[in-house]
Every structure is written in C-alpha cells, then in structure tokens.
Amino acid sequence: MAFDVGGNKGGGVRPTMNVTPLVDVVLVLLIIFMVVTPLMTKNLWMNVPAKPDKEDTTPPPPDAKPPVVLTVDKAGTLRINHEEVPRDQVVVRLQRMLNARADKIVFFDASDAVPYGSAMEVLDLARGGNITVAVLPERLAD
C-alpha cells in the first residue's frame, strides 16, 4: 500500500492502492484460461464415405433391382417407387417388397414443402413396421 502525501487541504495522509499485483494476477489467470479453453472442447469423429468421381462410377449390373424409395410430396401423398400408396397400406407393402430383396433398406425422400412433423410421422410409420430407413443424401427430381 502506498501513501499520498500533500496536495490535500486537510493535510492528512491519504492511502492509495497499488494495483500492480492485481494486474499481474489477472494476466496470469487470463493466460491460464487461454491455454485450458481449447482442451475443454469435445470432438465428434464421423466417417463419411467420399463422394465418387463422375468418371469413376460404374453402372449397376443389368439384373440389379432398383432401390425402394418412399417419398412424400407437398400434398402429403405417399409414394413407393413413384406409385401412390394409401397411408394404411404403406407398412404392409414395404414389408412385402423387402421380403423379396437382399438389402432390406428403404430410402426416404420428402419434398421441401412438407412440414417437418409430417415427414417424421411417415418415418415413424415405416420404422414402426421394423423397417430400416435411410434418408437420401441428395434431392430427387420431382
């Protein structure tokens, strides 16, 4: 602690605080937090397959079955491979189609105009029938 002598009308001693140790402590804490903060982040590693080159893609064999695609358009109509299907028959039709296939996967596609809740209802409907559903990575042409 330092004292200020003089310059006071009362003639008394006025104490002033030395802030140098306070600044030193604050700078040390700042450096510690700057070093520790990057270590506190959590990493999530995800393996995503690389997108194939255009000239590197080979066409599927002629006897390959086309994938099963469940789509929902903006009117809420459900389609399986471009064929309109009533909502109560979707699970039965998908199970029957997958019994004849080896891959047992249904791809899901929804129009951009479909509300999120409606799309989730269709996904839950398909998953409720114990069907493996995969979401298409790219948009299909309407």
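**Exercise 1. Classify the partners of a salt bridge**

Task: In this predicted model, is Arg-79 buried, partly exposed or exposed? Which residue does its side chain meet in a salt bridge?

Solution.
- Step 1. Arg-79 has a relative accessible area of 27%.
- Step 2. Buried means under 20%, and exposed means over 50%. Arg-79 is therefore partly exposed.
- Step 3. The side chain of Arg-79 meets that of Asp-73 in a salt bridge, at 3.7 Å from N to O.
- Step 4. Asp-73 has 23% relative accessibility, so Asp-73 is partly exposed too.

**Exercise 2. Compare two other salt bridges**

Task: How many salt bridges does the count give? Classify the partners in the pairs Arg-101 with Asp-103 and Arg-127 with Asp-124.

Solution.
- Step 1. The count comes to four salt bridges.
- Step 2. Arg-101 and Asp-103 join through their side chains, at 3.1 Å from N to O.
- Step 3. Arg-101 is at 13% relative accessibility, so Arg-101 is buried. Asp-103 is at 39% and counts as partly exposed.
- Step 4. In the pair Arg-127 and Asp-124, the closest N and O atoms are 3.7 Å apart.
- Step 5. Both residues lie in helix α3, three residues apart, which is about one turn of the helix.
- Step 6. Arg-127, at 52%, is exposed. Asp-124, at 44%, is partly exposed.

**Exercise 3. Find the two sides of a helix**

Task: Which residues of α2 are buried, and why do they lie on the same side of α2?

Solution.
- Step 1. List the buried residues of α2: Val-90, Val-91, Arg-93, Leu-94 and Leu-98.
- Step 2. These residues cover an arc of only 165° around the axis, so they sit on the same side of α2.
- Step 3. Turn to the other side of α2. Arg-96 and Asn-99 are exposed there.
- Step 4. Look at what the buried residues pack against: β3, β4, β5, β6 and α3.

**Exercise 4. Map the core**

Task: How many residues has the largest nonpolar core, and which element gives the most to it?

Solution.
- Step 1. The largest nonpolar core has 18 residues. Leu-70, Leu-94, Val-106 and Phe-108 have the most contacts inside it.
- Step 2. At least two core residues come from each of β3, β4, α2, β6 and α3.
- Step 3. α3 gives the most to this core, with four residues.
- Step 4. Take Leu-94 as an example. Beyond its neighbours within four places in sequence, Leu-94 is in contact with Val-68, Leu-70, Ile-80, Val-106, Ala-126 and Ile-131.
- Step 5. In soluble globular proteins, nonpolar side chains tend to be buried together.

How values were computed:
Residues are numbered from 1 along each chain as its sequence is written. This is a predicted model: local features need pLDDT of at least 70, side-chain atom pairs count only at pLDDT 80 or more; totals for chains, interfaces and linings use all residues. Side-chain values use heavy atoms; hydrogens and water are left out. A nonpolar core is a set of buried Ala, Val, Leu, Ile, Met, Phe, Trp, Tyr and Cys residues joined through side-chain atoms within 4.5 Å. Buried means under 20% relative accessible area, exposed over 50%, partly exposed in between (1.4 Å probe, protein chains only). Contact means heavy atoms within 4.5 Å. The arc is that of the directions from the helix axis to the C-beta atoms.
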